[in-house]
Amino acid sequence: MKIRVIPTEVGEEAERYVMGKTYQSGQSGKQQVRSLLSEAGLVDIPTDEFSERVKEAKKAVLDRLGELLESTTDIEERDSAAYSLATLKKLEIALQRKGTPRTAD
Amino acid sequence: MRPTENRPDVHPKWPSEEAQIITFTSRGGSATGVVKEVRWGLVWRDFILEDGRVIPEHKILGEHESPVWRKPQDISQQEREAWERRLVSMADAGLDPRDEEQLFRAELNQYLAYTYLRFKEARHKPSDPKWT
């Protein structure tokens, strides 16, 4: 199989602030995001943790929605967040219907 | 193999169009498969194999550097809502995200990662740009 080596993306920058965290110089944008998602356990969600991750996502959306509801602007984002919340709720219910957690094989 | 669509912010292309077999980490070690299609998800690329398995790019072994990941603000409302409808449809059809290397699991994983980035980012947005 041919796999070409690709140069690291442009991103050798000084210390950067991403979502409340400060990342060291040399971390590309993708590495920063990957670190963030890894810490949140979202790069490769373990088999029996999907329901829990859906609940956490719902909480993140709810927190944001709470902020948006206090604002008279950002109506579009509010509607979008509400739509996503409804999606997550449907997914949560569907996952609950799947019954008891299955152990990893 | 149908390659991933071109994106102006991602270069150069990987894998090359001749590359059709990939080796990737799987439960209990590594596995190989023939690539049918490569497509962008909400955050990263997924490799769809001929046998239907879906392998996220970061599980692929080999000496390569993958393209940048997508930013939440790169996702249009239309794309997000289409993704959400598809997920609900798959869930309603009884698909189970605990099934390894299957489409529902791959798409739900990406959606949860995207949602986390989207809303955490919105809540912690500093004044200076963080995505480059």
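User: What is the mean pLDDT of chain B, and what share of its residues reach 70 or more?
Analyst: This is a predicted model: local features need pLDDT (the predictor's confidence in each residue, from 0 to 100) of at least 70, side-chain atom pairs count only at pLDDT 80 or more, and totals for chains, interfaces and linings use all residues. Residues are numbered from 1 along each chain as its sequence is written, while chains are lettered from A and ligands numbered from 1 in the order in which they are written. For chain B, the mean pLDDT is 84 and the share at 70 or more is 73%.

User: Over which residues of chain B is the pLDDT below 50?
Analyst: The stretch has nine contacts in the model beyond near neighbours in sequence. Two residues are in contact if their C-beta atoms, placed from the backbone, lie within 7 Å. The stretch with pLDDT below 50 is residues 127-132.

User: In what order do the elements of chain A run?
Analyst: Helices (H or I, at least four residues) and strands (E, at least two) are DSSP runs, numbered from the N terminus. Chain A has three helices and two strands. From the N terminus on, the order is β-β-α-α-α.

User: Is A:K58 buried, exposed or partly exposed?
Analyst: A:K58 belongs to helix α2 (residues 50-69) of chain A. A residue is buried if 20 or more other C-beta atoms lie within 10 Å of its own, exposed if 12 or fewer, and partly exposed in between; C-beta atoms are placed from the backbone. A:K58 has 18 such neighbours, so its class is partly exposed.

User: Which residues does A:K58 contact, leaving aside neighbours within four places in sequence?
Analyst: One partner, A:E92, is 34 residues away along the chain, with 9.2 Å between the two C-alpha atoms. The full set is A:L85, A:L88, A:K89 and A:E92.

User: In chain B, which residue in the turn between β1 and β2 has a positive phi?
Analyst: Six bridges join β1 (residues 21-26) to β2 (residues 29-40) of chain B, and the strands run antiparallel. B:I22 has B:G33 as its bridge partner in β2(B). The two strands form a hairpin with two residues between them. The residue in the turn, with phi about 80°, is B:G28.

User: Which strands stand at the edges of the chain B sheet?
Analyst: The sheet is open, with four strands in the order β1-β2-β3-β4 and antiparallel pairing. Strands pair if DSSP finds at least two bridges between them. Each edge strand has a single partner, so one side of it is left without a neighbour in the sheet; these strands are β1 and β4 (54-56).

User: What is the bridge partner of B:V35 in β3(B)?
Analyst: β2(B) pairs with β3 (residues 45-49) of chain B over five bridges. The sense is antiparallel. The partner of B:V35 is B:L49.

User: Why do the buried residues of α1(B) line one face of the helix?
Analyst: Helix α1 (residues 77-92) of chain B has 16 residues. Its buried residues are B:R80, B:L87, B:M90 and B:A91. Seen down the axis, they line one face because they fall within an arc, taken from the directions from the helix axis to the C-beta atoms, of 100°.

User: Which exposed residues lie on the face of α1(B) turned away from its buried side?
Analyst: After the helix comes B:G94, whose phi is positive, near 90°. Within α1(B), the face away from the buried side carries B:Q77, B:Q78, B:A82, B:R85 and B:S89.

Methods: Expected span 1.5 Å × (residues − 1).
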